[in-house]
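Visitor: Got a minute to walk me through this one? I'd like to start with how the pieces pack, then poke at the details.

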Amino acid sequence: MKVIAAKLLVIFSLIVGCQTITEMTSRESDKDAVISKAVRETFLKDKAVDLTDVNVRTTDGSVALTGTVPSLEAREHAIKLAWRVAGVQAVVNHLEVKK
């Protein structure tokens, strides 16, 4: 019984891992690429905080922000800026504050 459970756990881990890798490497649609580009340009134009270490990826209008920011205020500012871009349906925050 323990062997079967261990095998199932390994298979499940492989499936989840492969799905995660596929999501990370899948190409953005043209519409999503336009949104990502607009968000990145908005970050670059904004001089209030340094958002150069923020990565942007869009899937079906949902913008995922990853990377690092200098402060909690910068993280909140990045989220607000992303929401202002046309076509954004959701903003998923995975930003980390630099220590």
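Guide: Sure. This is a predicted model. Helix 3, residues 72-83, lies across strand 2 and strand 3, and its direction is at about 160° to that of strand 3.

Visitor: And helix 2, which strands does that lie across?

Guide: Helix 2 (residues 30-45) lies across strand 1 and strand 2, running at about 155° to strand 1.

Visitor: OK, the sheet itself: what's the strand order?

Guide: The order is 1-2-3, in an open sheet of three strands with mixed pairing. Strand 1 (54-59) and strand 3 (90-97) are the edges, each pairing on one side only. From one strand to the next, the twist averages 10°.

Visitor: How many bridges join strand 2 to strand 3?

Guide: Eight, and those two strands run parallel. For a register point, serine 62 stands opposite alanine 90 in strand 3.

Visitor: Switching topic: where does glutamate 28 lie?

Guide: In the loop between helix 1 (2-25) and helix 2.

Visitor: Is glutamate 28 buried or exposed?

Guide: Buried, yet glutamate 28 has no salt bridge.

Visitor: Hm, so what's the nearest side chain of opposite charge?

Guide: Arginine 57, which is 4.4 Å away. The salt-bridge cut-off is 4 Å, so that pair doesn't count.

Visitor: Then what does the side chain of glutamate 28 make a polar contact with?

Guide: The side chain of serine 36, at 2.6 Å. Also, a polar atom of the glutamate 28 side chain lies 2.6 Å from the backbone nitrogen of threonine 58.

Visitor: Which residues is glutamate 28 in contact with, leaving aside neighbours within four places in sequence?

Guide: Ala33, Ser36, Arg57 and Thr58.

Methods
Residues are numbered from 1 along each chain as its sequence is written. This is a predicted model: local features need pLDDT of at least 70, side-chain atom pairs count only at pLDDT 80 or more; totals for chains, interfaces and linings use all residues. Side-chain values use heavy atoms; hydrogens and water are left out. Two strands pair if DSSP finds at least two bridges between them. Helices (H or I, at least four residues) and strands (E, at least two) are DSSP runs, numbered from the N terminus. Axes are lines fitted to C-alpha atoms, for helices over the stretch in contact, and angles run from 0 to 180 degrees between N-to-C directions. Contact means heavy atoms within 4.5 Å. Buried means under 20% relative accessible area, exposed over 50%, partly exposed in between (1.4 Å probe, protein chains only). Lys and Arg count as positive and Asp and Glu as negative; His and the chain ends are not counted. A polar contact is a pair of N or O atoms within 3.5 Å; within protein, one must be able to donate a hydrogen and the other to accept it, and residues adjacent in sequence count only if both atoms are side-chain atoms.
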